Amino acid sequence: MKEKIKEFGMGLGVDDVGFAAAIDYRSAKSPKLESLFPEVKSLIVLAYGELSSCESPNPQLAMNGRLDLMEFSRSVNYKMARFLERECGAKAITVPASWPLEMSFKTKGVIGDVSLRHAAVAAGLGAFGRHNLVIHPRLGSRVIFTAILSDVELDSDQVISEDLCDNCNSCVDNCPAGALEEEGSTDVFRCLKNSQPYGIAGNIRFWLKFVDASDEEKKNMLKDEKFWRLYQAGIIGFQYTCFNCLNSCPVGRS
Ligand code: B12
Ligand code: SF4
Ligand code: SF4
């Protein structure tokens with residue numbers, strides 16, 4: 001069964017496919033898988049290498065590479081889930097690359113329903129590095145994941161126990177926000193402020209200033225380029241302006 005599923009995924013252009021029994025998925029801060037899907041037995045995790053777009057100093061092109069990849073991953077994840085339902089008689093639930101996310105005071109919009117890094121580790125697709133991202137043995141740090149929860153009993157692939165991180169500290173030194181100083185934990189709000197300046201926090205700051213502004217100031221704020229950027233982000237969705245931690249990592253780069 002695993003071979004058949006993997007072959008289908010690889011045929012869709014995925015870079016790697018891994019399997020984890022639900023019992024082997026451990027992510028302390030995330031909801032229990034059973035609360036998302038009571039019959040869950042396994043996770044099928046798909047890995048996709050990033051294009052070189054993430055190296056571009058042009059933020060539009062860098063983010064566009066990610067948007068292309070996310071669109072591709074959404075389509076592949078869905079096709080994979082349909083395959084599981086149609087060909088394997090399974091129930092399947094897709095987990096997106098990033099959003100939708102629960103936007104509540106409880107999660108502060110920074111906890112996914114399924115932690116794809118912990119899922120990838122459980123499925124033998126990689127190991128955590130100093131940057132708190134999962135490093136894939138071949139693709140290095142330039143990799144994103146999606147997953148499918150299913151009710152099919154599948155055993156876990158071999159977990160990678162070797163340290164894939166060279167401990168060179170390049171990711172820490174190249175983080176413009178100083179978000180990686182503490183080992184084993186990303187300073188989420190430092191990262192967010194730098195990597196998503198037009199995200200929810202930037203939006204709230206703008207509108208709080210707006211409500212207290214005079215009529216003349218309000219007109220000027222709406223004519224300002226800051227508003228134009230917020231407007232674009234509002235239409236396109238989450239946009240990252242920083243890819244430094246994955247770009248600075250030498251693992252898997254020739
Ligand atoms: C919310 C979110 C964010 C938030 C919060 C991040 C966070 N602390 O979790 C913000 C906006 C800050 C963010 C930033 C980034 N993100 Co993000 N993000 C997510 C999302 C949607 C949910 C993450 C989540 O649930 N976190 C909450 C819990 C699970 O985290 P945690 O238990 O606190 O774990 C943290 C630490 O404890 C540590 N950790 C946990 N266990 C272990 C074990 C070891 C051994 C070590 C060393 C560390 C470690 O790692 C975590 C980092 O703080 C996931 C997609 C998903 N559904 O998983 C993508 C995801 C994690 N993001 C991703 C990426 C690529 C990024 C960015 C590079 C932005 C960009 N340009 O793409 C940065 C990297 C920041 C960094 N170096 O940590 C990828 C990571 C891929 C990979 N190779 O690992 C994911 C998996 C998206 C995807 N589909 O692939 N992200
Ligand atoms: S995305 Fe940028 S700001 Fe966030 S941790 Fe990585 S290097 Fe630092
Ligand atoms: S840049 Fe260096 S320290 Fe950071 S994750 Fe990659 S190998 Fe590890």
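These notes walk through the predicted model above, from the whole chain to its two ligands.

1. **Overall make-up.** This is a predicted model, so read every value below as computed from that prediction. The chain holds 10 helices and 6 strands. Its C-alpha trace spans about 65 × 40 × 30 Å along the principal axes.

2. **Packing.** How does the radius of gyration compare with that of a compact globule? A compact globule of 254 residues would have a value near 18 Å. The chain has 20 Å, which agrees. Of the 254 residues, 32% count as buried.

3. **Contacts along the sequence.** Take the contacts in the chain with a separation of 6 or more. Residues 24 or more positions apart account for 72% of them.

4. **Ligand 1, the residues.** The shell around ligand 1 has 35 residues. The closest are Gly 112, Asn 132, Leu 133, Ile 144 and Thr 186. By type, the shell divides into 21 nonpolar, 12 polar and 2 charged residues.

5. **Ligand 1, the elements.** Which elements give two or more residues to this shell? They are α4 (116-122), β6 (143-150), α6 (188-195) and α10 (244-247). Helix α6 provides the largest share, 4 residues.

6. **Ligand 2, the residues.** Several cysteines stand around ligand 2: Cys 175, Cys 191, Cys 242 and Cys 245. Pro 176, Ala 177, Ala 179 and Leu 180 also belong to the shell. The rest of the list is Thr 186, Asn 194, Ser 195 and Asn 244. The division is 8 nonpolar and 4 polar, with no charged residue.

7. **Ligand 2, the elements.** Two or more residues come from each of α6 and α10. Helix α6 gives the most, with 3 residues.

8. **Where the two shells meet.** Thr 186 is among the closest residues to ligand 1, and Thr 186 is also listed around ligand 2. Helices α6 and α10 each give two or more residues to the shell of ligand 1, and they do so for ligand 2 as well. Helix α6 is the top contributor for ligand 1 and for ligand 2.

9. **A residue to look at: Ile 200.** Ile 200 lies in helix α7, which covers residues 200-212. Is Ile 200 buried or partly exposed? There are 14 other C-beta atoms within 10 Å, so Ile 200 is partly exposed; a buried residue would need 20 or more. Ala 233 is 33 residues away from Ile 200 in sequence. In space, the two are 9.8 Å apart, C-alpha to C-alpha.

Methods
Residues are numbered from 1 along each chain as its sequence is written. Chains are lettered from A and ligands numbered from 1 in the order in which they are written. This is a predicted model: local features need pLDDT of at least 70, side-chain atom pairs count only at pLDDT 80 or more; totals for chains, interfaces and linings use all residues. A residue is near a molecule or strand if its C-beta atom, placed from the backbone, lies within 6 Å of it. Ala, Val, Leu, Ile, Met, Phe, Trp, Tyr, Cys and Pro count as nonpolar, Asp, Glu, Lys and Arg as charged, and the others, Gly among them, as polar. The radius of gyration is taken over C-alpha atoms; the globule rule is 2.2 Å times the number of residues to the power 0.38. A residue is buried if 20 or more other C-beta atoms lie within 10 Å of its own, exposed if 12 or fewer, and partly exposed in between; C-beta atoms are placed from the backbone. Two residues are in contact if their C-beta atoms, placed from the backbone, lie within 7 Å.
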